[in-house]
Amino acid sequence: MWVLRGLRNGVLTTGWPGRADEYASATRGPATVKASPAAAALPAAEAVRLCPVDAISADKEGGVRVDQGKCILCGRCVAARPDVFAWSAGPHRSTLTRPGLVVPAVESPETLREVTDKLRARTRALRRSVHLRHVDAGSDGSEEWEIMALLNPVYDIHRLGLFFTASPRHADILLVTGAGSRGMARPLRETYDAMPDPKIVVAVGTDAVGGGIVSPSYAVRGGVGSIVPVDVWLPGSPPSPFAILSALLMAVGRIPASAGPPMSVAGGDPR
Amino acid sequence: MTAATEPELAASVPALWHLVVRQIAAGSRLADLFGTAHPDGLVLTAQLAGRGTITSLEALLPSDQVRYPALTPQVAPAFWYEREIHDLFGVVPEGHPRLEPLVLPASSTDLPMPGAGAAPVAIDPDPGVLPRHAAGPGLFTIPHGPVRSGVTESIEYLVETPGEDIPHLNMRIFYKHRGIEKRFEGLSPADGVLLAERTEGVASVANAIAFCEAVERIAGLDVPWRALLIRVAQAELERLACHLDAIVRLADGAGLAVATARFGWHKERVLRLAGELSGSRFGRGVVVPGGVSGLPLLGPADLLGAIGDLDRRITPDLDLLMGTASFLDRLRRTGPLNPARAAEHGALGPIGRASGAGEDTRQSRPYAAYGLLGVTASSRTDGDALARLEVRIDEIGGAVHLLRQAADELADAGSGQLRAELSPADGRATGWAEAPHGEVLYDVRVEGGVITRCRVRPAAFHNLVLMHEVFAGDILTDFPFIEASFGLPVAGAAR
Amino acid sequence: MTGFGAALAAGLILIALAAAADLAAGPRGRAWRAAPYLAGAVGSVSLAVAGAAALAGRAVTLGSGGLLGVVAIGARPGFSAIPGLAADQLSGLFLVIAFTAAAAVSLAFASWSIGPRGPARRGLGAGYALALGSVAVVLTARDAFTLLFAWESLTLAFWVLSGYRRAAPGRPAAALVTLAFGRISGAFLLAGLLLLVTRSGSLTLAGLAHVPAGPLRSTACVLLLAGFAVKVGLVPFQVWLPRGYAAAPGPARAIMAGVAVNVGFYGLWRTLAVLGPPPAAVTDVLLLLASVTAVLGIAHAAVQGSLQRVIAYSSVENTGLILAGFGVALVGAATGSRALMAAGLLAATLQVIAHTAAKSLLFVSSAGIQDAAGGDDLDDLRGSVRRTPWSGTGLAIGSLTLAGLPPTAGFVSEWFLLEALMQQFRVPGLADRLVLAVTGAAVALTAGFAGVTFVRLVGLVVLGRPVREGTRGDGDPGPAGRAGIVALAVACLALAALAPLEIRMISAGLVPVLPSAAVTAALKSPWVLQPVFPGFSILSPSWLWIIMPALFVLVTLLAWIASGARLLRVRRVPAWRSATAGVSGRASYTAFAFANPARRVLAAVLHTRAEVTRLDASDDAHDGDHDAAAPHVEYSSDVIEVTEEYFYRPFRRPFALAVRQAQRLQSGRLDAYLAYMLIALIAVLALVTGLH
């Protein structure tokens, strides 16, 4: 009975990244700065005041920067100054370096290429089929939902050769969510150590990247970067399943590292 | 509903307990028990949910006193609350049956003390303070967690077993403690709602509603009708998503691959609808103190169409699921929660209602637009996993109905502002909402325009302790079903 | 006395000297303590040599007067020309089996006796020597009287051995039970032999074959079979085995269970040789009892909490297996199929050999492990290979052999046994075929549960993580003991590789029962075995011994190459336990928990009862906080020995009643006792006259 029911609706799975998917561009990403004259004219004090998590900083030469790794997608800056700030769109939200999340770009393309080459040299063996192990280091529960959504028939990561595994001994990629609660520092470190080389660590969600609004707190370490060495940084509160897929594919090199924020906002309209 | 009232002050802690016991005997239930640091010591507040309102009772424990008589021997639901107070403030309830660290096993004397102005920089949990849980003769302990198989939240279950049965279960929830209550201190109410949304990420809207209700009560605001309708719509979409998630986990545990896939698809569609409506798949950024942040991005007609589409697809699958005998067999008589025990504890949400004991806050203490829209609470008496599933399915139907009603009302509601102006006001009030897992309480105190104490009591913290009681004759393979049928977010329990 | 008879004599003399040394000197110094066992070891070697000579066909005799001759009562009609001790091929086979094992065990015994937990007073060595001597005499007895005399002295030796540590709780009761069942077996033998002797008119065992067929011969055959079955522990007589074996100290268990038990099997083989098969109904009952014994034995072995009891119940299981093979031989003898008889006897004898080696090894190793840990509970003995590497390895190899895993000797014997049972389709009668099929199923079930039982031993006791740290090597035997363990372990393994030679030896030994050509038909080619019937199945354990290591080496080589010579570069991290914050002590799988599924699955056989009790003492006057870490739930699970419960227990009351009545005879008055003796004499005279 269930089989017939399942067959009736046809293919639900998205073809992304092979085929375009309009929902991939539909979900909001962290706030970004428009390349407009209003951005350059914005007074620094007002800009900083807009953000409850201090993600907006003023540039020395005038203009503003948004640290997407801290953005919790509250929307206040976009609502207050839509001429300066906008939501970023598109599924490619992750970077290989933490400074790479600051838009407009502060990092040079050479640095990015260097980091990419180092990562690829270390993880040459992981190309087609990798196993993922997820650890919750004090998240609010929504990132787990978005990661589990990868297993539903709409996203179906199995078609891309990505699988979830229970034992870190079998895992290649470590997905970490949560702001790095101190209670999970030792278990996270143990899980990381229990994984054999080569391994890649992906920090999923703004909490994991920068601590989110939960930081600073006596019980939280402001992101997981101080507990395990992170290779791929993915902001979002929570990041959409397409963004997570993009980050995973970037981690194994099937999406170029330059597809993420720093390159995509340098001198152009955000999509 | 009722205006913010100052809590009744008792002369001493034993007098406070006396009042609490009397009110419980008169028909209330213990909704919350927490402490607030005070210059003169520690203020213990007990909140009781009675007919139509929440009453607060307080007493001061002077700073030279570290020990006080425990409430748990007289009022069993206070079990975890007193342990939490012990962890955060360092006071000792004498006569507490099992005083182990719950949310913060700390060996240092530097404790968080919510309500005190200062906050310690860092407190690392010390596993050495945890009891080693020696199993009895013939048993050994399986430590399950905090990093468990699958994509799950971090919690550790210590299963004491002779090999197959589960004679006893212990839980360690401190791994995910983030110090949320302390983080609230110093935030403005406008920023506080952002933190409230991220306390329990899967119930963002309900937490935001409860927080905003408390703030609005302090300021004496009336929220516009349209905003209330939008709040209801987002909250019911969230309820749909949570209940579908529970069904996905149950189907996955039973190995029904097609059912898991189909309900995963339905949940994805609900989340996409929520995203289309508000811009965020979890409904974040919608509820703000005073109203809502903006109109839904979908018009009422489109919303009605989308809801109808969802209903048309979900209902046949639910019927087929409830006709799959092998699935129902796994759930029947699994994880039974004794109705008497549920009533004594005051179990919240679907767990309580499945044991015939719970109330639905939308019905008993209506908030937002629920009073006028009308909610029928679903109820069962068996208390097993199947009953909990049936309650959730009833609530899915109820949520669809409420969404239709809200969309209709929105179409007729005309125009007007969506947000009342939040004037700076000091005071203290309690807000509540019925999250998909049960009632969530926020007790907010605002002084000088910033929050000085915000008590968060999600349903998960109240209900999770009942996991100890439901393993009657079940074996290890029933564990995922019981956990999924409870469906409580650990982020809410540990905060 | 022939040349090799001297070996026989030398062996007996050395054993007697051993007894004398122990009784005279006792545990007075290291040398004196070990002396009886070393003498016993040399004597065992001598006896084994005599046995080998007998196997080869040489005449091995000792004395023409036998015991009566030594006492020189004088010639009487019917009692003249009593042969002394002599070993024919069957005796020789069992002499070799028993006394090579006894030599190795004696070395271990010597080593154990000078250890810290060795014997504290005299008597153990004497008991040991008495046991060995009795075994030797039983195996070489030519007449009924010698046989019975030696049998009773073996019972006495068992009583001495199992009751040696009489201060320990439960030991006196165990010793009494051992003595009682020994006497019961002796009584059966006495009755059977007397019946035959009266009819045949001669005391010699060879002469008993001439008794004409009829109810008397059948009854006597059944009585003899019963007597030997009590000794080896066939249901319902197996209740003394676990108690008796577990009660004996140290390697004495190996003497009892590994060496002395072979007299029972020898007796059964000899009964078949002398009297032929019993009636068909008896054979079927024997087969069914054997299958019940095997299943019951392994069911209890799988759930015991004490190491010695696990090994003791495994003896019961092996009895069932051996008697299943013997039953096949009986069916073959009754139906006149020599090949089937050969198949059954070969399987049974192979299992006897494998069991002797493995059981001796197990009990010798367990003595060392128990001494090192100070206790017997399986959960206390975990990780013993780290504390006592020699004993631990011995336990592992013995366990693998009894579990029937390749490439050990147990694998070969179980294969033969199952193959022999599978020949049931060749048997004409339906009843026999059904019974053989049921027995085959029971043996297969037993083999499965034997795997579970011994995995528990190897996985937890040998390889687990030690619960308590102890000094390494404390409790491990000294050089002599290590030699003994190595010898037995090598035997367990080499007997598989050299199975064809073993089969030739067995074929020589079974000559009194079968022509050796019938047994060597199991050798399809020099190194390939078949279950006597051609074209059915083949096995080559010798080739296994070459191919398995070769494959292992090949795979390792491939792995090394595929990993680019980086196979051994590892990073060590703690075992993954879901990153728990930790629990105390018993946080890993206990032996008790491992046996839980077996306890539940076999609940019908074991009558398992489980109970969960709350330990929260509400009457504990505690103020303030309870000890949060105190255990608050207890789980207990009990099994019942069904034979004891339903077979023996109902007889307790009438038995006690009968005993009370009989006690009235013990009036304590001399004239009463004289009257009893007069009545007994008149009765015997009347009986003897009446029978003639």
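**Exercise 1. Work out how the radius of gyration of chain A stands against that of a compact globule.**

Start with the length: chain A has 271 residues. The rule is 2.2 Å times the number of residues to the power 0.38, so a compact globule with that many residues would come out near 18 Å. Chain A of this predicted model has 19 Å, which agrees with the rule.

Next, look at the extents. The C-alpha trace of chain A spans about 60 × 45 × 35 Å along its principal axes. Then check the burial: 56% of the 271 residues count as buried. For the contacts, take pairs in chain A that sit at least 6 apart in sequence; 78% of those contacts join residues at least 24 apart. Finally, the secondary structure of chain A adds up to 11 helices and 10 strands.

**Exercise 2. Take apart the side of chain B that touches chain A: which elements give two or more residues, and which gives the most?**

Step one is the head count. Chain B brings 52 residues to the contact, and chain A brings 49 residues.

Step two, sort the chain B side by element. Those giving two or more residues are α3 (180-184), α4 (189-197), α7 (257-278) and α8 (300-321) of chain B. The top contributor is α7(B), with nine residues.

Step three, sort that side by chemistry: you get 25 nonpolar, 12 polar and 15 charged residues.

**Exercise 3. Do the same for the two domains of chain B: how many residues of each are in contact?**

First get the bounds. The domain assignment gives domain 1 (1-115) and domain 2 (180-459) of chain B. Their C-alpha centres lie 27 Å apart.

Now count: 19 residues of domain 1 of chain B are in contact with 19 residues of domain 2 of chain B. On the domain 1 side, β2 (29-38) and β4 (54-62) of chain B each supply at least two residues. The largest share there is six residues, and it comes from β2(B). By type, the domain 1 side divides into 11 nonpolar, six polar and two charged residues.

**Exercise 4. Find the strand order of the three-stranded open sheet in chain B, and explain why one side of β7(B) and of β9(B) lacks a neighbour.**

Begin with the order, which is β7-β8-β9 (chain B), paired antiparallel. In that order β7 (140-144) and β9 (168-172) of chain B stand at the edges; each has a single partner strand, so one side of each is left without a neighbour in the sheet. Ignoring direction, neighbouring strands of this sheet are turned by 20° against each other on average.

A reminder before zooming in: strands of a sheet pair through backbone hydrogen bonds, either parallel or antiparallel. Here β7(B) runs antiparallel to β8(B), residues 156-161, and five bridges join them. One pair to pick out is Thr141(B), whose bridge partner in β8(B) is Glu160(B).

To finish, follow the chain into the loop between β7 and β8 of chain B, where Pro146(B) sits. The peptide bond joining Gly145(B) and Pro146(B) is cis, with omega about 0°.

**Exercise 5. Met113(B) and Ala368(B) each have a positive phi: where are they, and are they buried or partly exposed?**

Take Met113(B) first. Phi is near 55°, a positive value in a residue other than glycine. Met113(B) lies in the loop between β6 (92-94) and β7 of chain B. Buried needs 20 or more other C-beta atoms within 10 Å; Met113(B) has 19, so it is partly exposed.

Now Ala368(B), with phi near 45°. Ala368(B) sits in the loop between α12 (361-364) and α13 (370-373) of chain B. With 25 C-beta neighbours inside 10 Å, Ala368(B) counts as buried.

**Exercise 6. Describe the surroundings of Gly404(C).**

Locate it: Gly404(C) is in the loop between α16 (389-403) and α17 (409-422) of chain C. Gly404(C) has 25 C-beta neighbours inside 10 Å, so it counts as buried.

Then list the partners. Setting aside neighbours within four places in sequence, Gly404(C) is in contact with Gly410(C), Phe411(C), Glu414(C), Ala447(C) and Ala450(C). As a last distance, the C-alpha atoms of Gly404(C) and Ala354(C) are separated by 9.6 Å, with their positions 50 residues apart along the chain.

Methods
Residues are numbered from 1 along each chain as its sequence is written. Chains are lettered from A and ligands numbered from 1 in the order in which they are written. This is a predicted model: local features need pLDDT of at least 70, side-chain atom pairs count only at pLDDT 80 or more; totals for chains, interfaces and linings use all residues. Two residues are in contact if their C-beta atoms, placed from the backbone, lie within 7 Å. Helices (H or I, at least four residues) and strands (E, at least two) are DSSP runs, numbered from the N terminus. Ala, Val, Leu, Ile, Met, Phe, Trp, Tyr, Cys and Pro count as nonpolar, Asp, Glu, Lys and Arg as charged, and the others, Gly among them, as polar. Two strands pair if DSSP finds at least two bridges between them. Axes are lines fitted to C-alpha atoms, for helices over the stretch in contact, and angles run from 0 to 180 degrees between N-to-C directions. A residue is buried if 20 or more other C-beta atoms lie within 10 Å of its own, exposed if 12 or fewer, and partly exposed in between; C-beta atoms are placed from the backbone. Domain bounds come from an automatic or database domain assignment.
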